[in-house]
Amino acid sequence: MIGRLNHVAIAVPDLDAAAAQYRDMLGADVGAPQDEPDHGVTVIFITLPNTKIELLYPLGDASPIKGFLEKNPAGGIHHICYEVDDILAARDRLAAAGARVLGTGEPKIGAHGKPVLFLHPKDFTGTLVELEQV
Ligand code: CO
C-alpha cells in the first residue's frame, strides 16, 4: 500500500542554523522558509536526489512541535512521510486493522498542497507516520 518515502521531518530548535548546516556543510538544495499556520509550523524543504528532508520549527503557541522540542531540546526526527495513491482507502484499511488516525480522521492539506493524515506513533513502533496522497 505505501509507496515512496516522501520526506523525513526533523524538528529543530534553530531553523536558520539547521538550514545553514544542510546548505553549507552538507551541500544540499535548501529551500526558503514557509509558514504553515494550519499545522503550527514553519517548514524548510531540503531536496535530495531520492527524497526530501523537512525542517520543522514551531509557529504559534499551540504548535505541535513545541512539546517535542521541550523533550528533545537539540531537535530530532519528528515523523516520516510515506506516499499513498488513495488516502481515504489507506485510512479505512488502517483503521480496520486497529491503527489510530490522529485528529478528526479527515485529511488536511499538507505543506505540499496534498492531502495528509497522521498515524499514532504507538501503533507504528514509536514513529509518527504521515501519509500523503500523491
Ligand atoms: Co511531513
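How many bridges join strand 1 to strand 5, and do the two run parallel or antiparallel? Select residues 5-11, which make up strand 1, and strand 5 alongside: 5 bridges join them, and they run parallel. Keep in mind while you click around that this is a predicted model.

**Start with the whole chain**

Zoom out and colour by secondary structure. You should find 3 helices and 9 strands in the protein chain. Walking from the N terminus, the order is β-α-β-β-β-β-α-β-α-β-β-β. The radius of gyration is 15 Å, close to the 14 Å that the globule rule gives for 134 residues, so the chain is as compact as a globular protein of that length. If you draw a box along the principal axes, the C-alpha atoms fill roughly 45 × 35 × 25 Å.

Now switch on the surface. About 7400 Å² of the protein chain is exposed, and carbon and sulfur atoms supply 55% of that area. Of the 134 residues, 42% count as buried. Looking at contacts with a separation of 6 or more, 54% come from residues 24 or more positions apart. For the charges, show the side chains: there are 11 positive and 18 negative ones, and the centres of the two sets lie 6 Å apart.

**Next, select residues 41-47**

This is strand 4, and 6 of its 7 residues are buried, so the rest of the structure largely encloses it. Hide the surface and look at its partners.

Add residues 29-30, which are strand 2. This strand runs antiparallel to strand 4, with 2 bridges joining them. Click Asp29 and you'll find Thr47 of strand 4 standing opposite.

Then add residues 34-36, which are strand 3. Here the pairing with strand 4 is again antiparallel, over 3 bridges. Pick Asp35 to see one of the contact points: its bridge partner in strand 4 is Thr42. Strands 3 and 4 form a hairpin with 4 residues between them, and in the turn Gly40 has a positive phi of about 65°.

**Move on to residues 52-58**

That selection is strand 5, joined to strand 4 by 7 bridges in an antiparallel run. What do strand 4 and strand 5 form, and how many residues lie between them? They make a hairpin, with 4 residues between the two strands.

Two pairs are worth labelling. Phe45 has Glu54 of strand 5 as its bridge partner. Thr42, which you already met as the partner of Asp35, has Tyr57 as its bridge partner in strand 5.

Strand 5 is also largely enclosed by the rest of the structure, because 5 of its 7 residues are buried. Now bring strand 1 back for the parallel pairing we opened with. Click His7 and look for its bridge partner in strand 5, which is Lys52.

**Last stop: Thr125**

Jump towards the C-terminal part of the chain and select Thr125. Where does Thr125 sit? It is in the loop between strand 8 (115-119) and strand 9 (129-133). Is Thr125 buried or exposed? With a relative accessible area of 81%, Thr125 is exposed; the cut-off for that label is over 50%.

Check its backbone too. Most residues other than glycine have a negative phi. Thr125, though, has a positive phi, near 45°. Compare that with Gly40 in the hairpin turn, where the positive phi of about 65° belongs to a glycine.

Conventions: Residues are numbered from 1 along each chain as its sequence is written. This is a predicted model: local features need pLDDT of at least 70, side-chain atom pairs count only at pLDDT 80 or more; totals for chains, interfaces and linings use all residues. Side-chain values use heavy atoms; hydrogens and water are left out. The radius of gyration is taken over C-alpha atoms; the globule rule is 2.2 Å times the number of residues to the power 0.38. Buried means under 20% relative accessible area, exposed over 50%, partly exposed in between (1.4 Å probe, protein chains only). Contact means heavy atoms within 4.5 Å. Accessible areas come from the Shrake-Rupley method with a 1.4 Å probe; for residues, only the protein chains shown count as cover. Lys and Arg count as positive and Asp and Glu as negative; His and the chain ends are not counted. The place of a charge is taken as NZ of Lys, CZ of Arg, CG of Asp or CD of Glu. Two strands pair if DSSP finds at least two bridges between them.
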